[in-house]
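Got your viewer open? Load the model and follow along, one selection at a time.

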Amino acid sequence: MKLGIGIGWRPEIAAEVEALTGVDWVEVVAENLCADHLPDSLVRLRERGVTVVPHGVSLGLGGAERPDAERLAGLAARAELLGTPLVTEHIAFVRAGGPLTASPRLEAGHLLPVPRTWDALEVLCENVAIAQDALPVPLALENIAALVSWPDEELTEGQFLAELVERTGVRLLIDVANLHTNHVNLGEDPVKALDELPVEAIAYVHVAGGVEKNGVWHDTHAHPVTAPVLDVLAELRSRVDPPGVLLERDDAFPPGAELAAELETIRGTLRAAGGPSGARTGTWTETTAPPGPARPGARDRTAVAQTALLSALVAGTPAPEGFDHRRLRVQSRALAAKRADVVAKVAPELPEILGDGYRAAFLDYARSRPMSDGYRRDALHFVERILVHGGLPDPVAQRRLTHWWEDRSGPRPPGRTTRIVRAARAVLAGK
């Protein structure tokens, strides 16, 4: 299926995306959609014939545990709601611990790299087969950006992806910005990766911006696309005519004119690269022989390794042997900063109540409290810590924070009357 040129739809730029010309399709973060209701903007886009593809971020198919049935059902429901031709996810793990390791479950709140070992590959392939059986449309998986690399890996990125496609028939979502990120951070050659991976399996391509700080490339999705990323896109185009190419932007959203200019730059890069007249085009294929179960012990060994890494990153345990300790510290700080940013988005009242002290207070909390149950629960735990350990010196802020916690910690949200009374009390307290 030919998708064309697309852009990531986000609520903050919904109007700008609707106004763009020449956009054939959009991608939306699956977890940000209700399973039975679409935002009006997406309804209008679909009525215009714009394809909408859901992009998952929470399955953790590269994790040691089998995919969560409830999360799979949610992704399937969103695929049905959108009438999409495919769904996408990541080659990553996002949580660790739990029954396989008899340790507390930990959430990364971020996509972390899977070790490129035969054990991890077999676990991933079995998880992908489970996901494919549960989804109503084909699945494509994205390569991720990384700040750290696993020691003693047995496969290159290209080899790992090629084996995954061969064993499962899954499609690939190739992020050229992530290939560039891994070139800067890990010394991996994006050209070699493109040479090794099966380009015919590409469902579509991501292009995104980032920034380099102190020799580390941060895949921010909040900066303009850089020339080196466009160079990788041109390298890919010289090998294959990808069915779709999409611009991602997740923060620091520019005006619509700048988004349009970036899309035109992407079109120009594809035209200039051109590819040989016989350039291949990605096509859908189906799996005919699902992979068998992972070898005995593969899940357990993967679980132990992933739990040790995630615990070092979010709980301050010693770094596993063979990892770059400086890079682990960079990744750890990045995870804590992302937690603070996302909690501020899902609970915008907290930075408003706490003012300039919000970020320092949250990072102090994050150092002693790993995330275990998602960002909304993380926000509640953060406020509980403040209220239990002395509260706030400002009595008005203290009352607002207490009411905020009470509103969200009960068995059900408070009724309209309760909310009105509490709002009135807050106004009177401020006089």
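## Stop one: the largest cavity

Start by selecting α5, which gives the lining of the largest cavity its largest share, 3 residues. Helices here (H or I, at least four residues) and strands (E, at least two) are DSSP runs numbered from the N terminus. A word on what you have loaded: this is a predicted model, where local features need pLDDT of at least 70 and side-chain atom pairs count only at pLDDT 80 or more, while totals for chains, interfaces and linings use all residues. Residues are numbered from 1 along each chain as its sequence is written, and side-chain values use heavy atoms, with hydrogens and water left out.

Now add α6 (176-186) to α5 (157-168): each supplies at least two residues of that lining. The cavity has a volume of about 180 Å³. Of its 17 lining residues, the ones closest to the centre are P113, V114, R116, I144 and E157, so show those as sticks. Colour the lining by class and you get 10 nonpolar, 3 polar and 4 charged residues. For the colouring, Ala, Val, Leu, Ile, Met, Phe, Trp, Tyr, Cys and Pro count as nonpolar, Asp, Glu, Lys and Arg as charged, and the others, Gly among them, as polar.

How many cavities of 30 Å³ or more does the structure hold? There are 2. The search runs on a 1 Å grid over the protein atoms alone: a cavity is a set of points where a 1.4 Å probe fits but cannot get out, a pocket is an open set with protein on both sides within 12 Å along at least five of seven lines, and lining residues have an atom within 4 Å of a point. Grid points are joined across faces, edges and corners, and a volume is the space filled by probe spheres set on the points.

## Stop two: the second largest pocket

Next, select E65, R66, R71, R95 and R105. Of the 20 residues lining the second largest pocket, these are the closest to its centre. The pocket holds about 280 Å³ of space. Bring up β5 (93-98), β6 (103-112) and α10 too, as these elements give two or more residues to the lining. By class, the lining divides into 6 nonpolar, 6 polar and 8 charged residues.

Stay on R66, which sits in the loop between β3 (51-55) and α3 (69-82). Leaving aside neighbours within four places in sequence, R66 is in contact (heavy atoms within 4.5 Å) with E126, N127, I130 and R299. Draw a distance from R66 to A131: the C-alpha atoms are 9.3 Å apart, with the two positions 65 residues apart along the chain.

## Stop three: helix crossings

Select α4 (residues 118-134) and α10 (residues 298-314). Their axes come within 9 Å and cross at roughly 110 degrees, which makes α4 roughly perpendicular to α10 (65 to 115 degrees; under 35 is roughly parallel, over 145 roughly antiparallel and the rest oblique). Axes are lines fitted to C-alpha atoms, for helices over the stretch in contact, and angles run from 0 to 180 degrees between N-to-C directions. D119, A120, V123, E126 and N127 of α4 meet A298, R299, R301 and T302 of α10. That contact has 3 nonpolar, 2 polar and 4 charged residues.

Keep α10 and add α11: the two axes come within 8 Å and cross at roughly 70 degrees. Look for L309, L313 and V314 of α10 against L328, Q331, S332 and L335 of α11. Here the split is 5 nonpolar, 2 polar and no charged.

Now pair α11 (residues 325-346) with α14 (residues 374-388), whose axes come within 9 Å and cross at roughly 90 degrees. K338, R339, V342, V343 and V346 of α11 touch Y375, R376, D378 and A379 of α14. This contact has 5 nonpolar, no polar and 4 charged residues.

## Last stop: zoom out

Show everything as cartoon, and there are 16 helices and 14 strands to see. Along its principal axes, the C-alpha trace spans about 75 × 50 × 45 Å.
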